[in-house]
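This report goes through the overall make-up of one protein chain, then turns to a pocket and a helix end.

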Amino acid sequence: MFVSEAMRVCDLFVEGELRWDVEKLMNIFSVADMRAILTIPLPLFPKPDKLIWHLHKKGVYSVKSAYFCALELSSRTGVLGYNDGWNRLWFLDVSPKVRDFLWRACRGVLPTRDILLRRGIHVPAACLFCDHDESISHVFLHCPMAVELWRLTGFSTAVVFPIFMDFFIHIYNTFGKERTARMAIHAWKLWHARNERLWVNKVLSPSELHHAASSYFNDYVASLVSRPRMLSHPSIPSVLPLVEATTLEVDWIVFIDCAVFTSADLFGFAAVFEDLEGFFSIAISGFYEGVGNLLLLKFWPCINIYLMLEIVFFRLVVFLRITNP
């Protein structure tokens, strides 16, 4: 039965009576909806129709209620778990610049030509690899260049994804974290090839692009394996999984500071250790009574920190010898 947009609630009543027309409800709505409608109490005195937002107790629409409704609907689908998708994206084993690119691609903020045109920047609308209008979904999902690249990498699929975020979640759920990292690097290289085509007119074939992305991924994994391990905390149980049993050589940069409290006759010191890439490793702090000689005070924090580190390493070596005889 065709439902007119001008239909009112009273049109679902029996003509001339204040009760639901069950036959008409059965022809228009599902059984579940019909049962829900029949439970609605009808007023003794008819009132004008009005729009009601049933997700709010007062029947008034609010952005907050719509937001929670959207979260609930996304959690029901199972396929599009966007909250989990963002967490998986930031914990991928790829370089920071690839993660940043992937975030931009999933957020839809890469400067493709359709976005530039919407912002008033006059550029050609055509894709740099084909004659179709360029967009993020086209560049990474529907362009012949992308289709062939995903075929070479084993990520081709018959499913048509409307946005790149859906493709990312599908790859992660289907192939796992390591293969998704490969996909991210291939997508990053595809965007790099697009920019090289734009600015220096350099043309790469899908096979050349696939080879360059695979080499980059292998080199990055090899650099992670050869990177020296580092201590992340001075407590022995938490550092054992991060320390090689055969060596304790770690490259560190230390930042030391101290403060003198003359009124309380105290001075405190602290040190923060970072590796050569700037990642936090260890923090040590302490205080002593008696300011003493100011010249000695300049070196006293260094002496105490050195002694503390010797104690930590001594306990660590002893523990390793006990557990690895």
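How much of the accessible surface of the protein chain belongs to carbon and sulfur atoms? Of about 21,400 Å² in total, 61% does, with areas taken from the Shrake-Rupley method with a 1.4 Å probe. The model is predicted, so that local features need pLDDT of at least 70 and side-chain atom pairs count only at pLDDT 80 or more, while totals for chains, interfaces and linings use all residues. Residues are numbered from 1 along each chain as its sequence is written, and side-chain values use heavy atoms, with hydrogens and water left out.

The protein chain has 325 residues, and 29% of them are buried (under 20% relative accessible area; exposed is over 50%). Its secondary structure consists of 13 helices and 3 strands, which are DSSP runs of H or I with at least four residues and of E with at least two, respectively.

The largest pocket, an open set of 1 Å grid points where a 1.4 Å probe fits, with protein on both sides within 12 Å along at least five of seven lines, has a volume of about 900 Å³. Among its 25 lining residues (an atom within 4 Å of a point), Val9, Trp20, Ile40, Asp49 and Lys50 lie nearest the centre.

| Lining class, largest pocket | Number of residues |
|---|---|
| Nonpolar | 19 residues |
| Polar | 1 residue |
| Charged | 5 residues |

Helix α10, residues 177-199, reaches 33 Å from its first C-alpha to its last. Asn201 lies in the loop between α10 and α11 (206-226), has a positive phi near 55 degrees although it is not glycine, and is exposed, with a relative accessible area of 58%.

Conventions. Buried means under 20% relative accessible area, exposed over 50%, partly exposed in between (1.4 Å probe, protein chains only). Grid points are joined across faces, edges and corners, and a volume is the space filled by probe spheres set on the points. Ala, Val, Leu, Ile, Met, Phe, Trp, Tyr, Cys and Pro count as nonpolar, Asp, Glu, Lys and Arg as charged, and the others, Gly among them, as polar. The expected span of a helix is 1.5 Å times one less than its number of residues.
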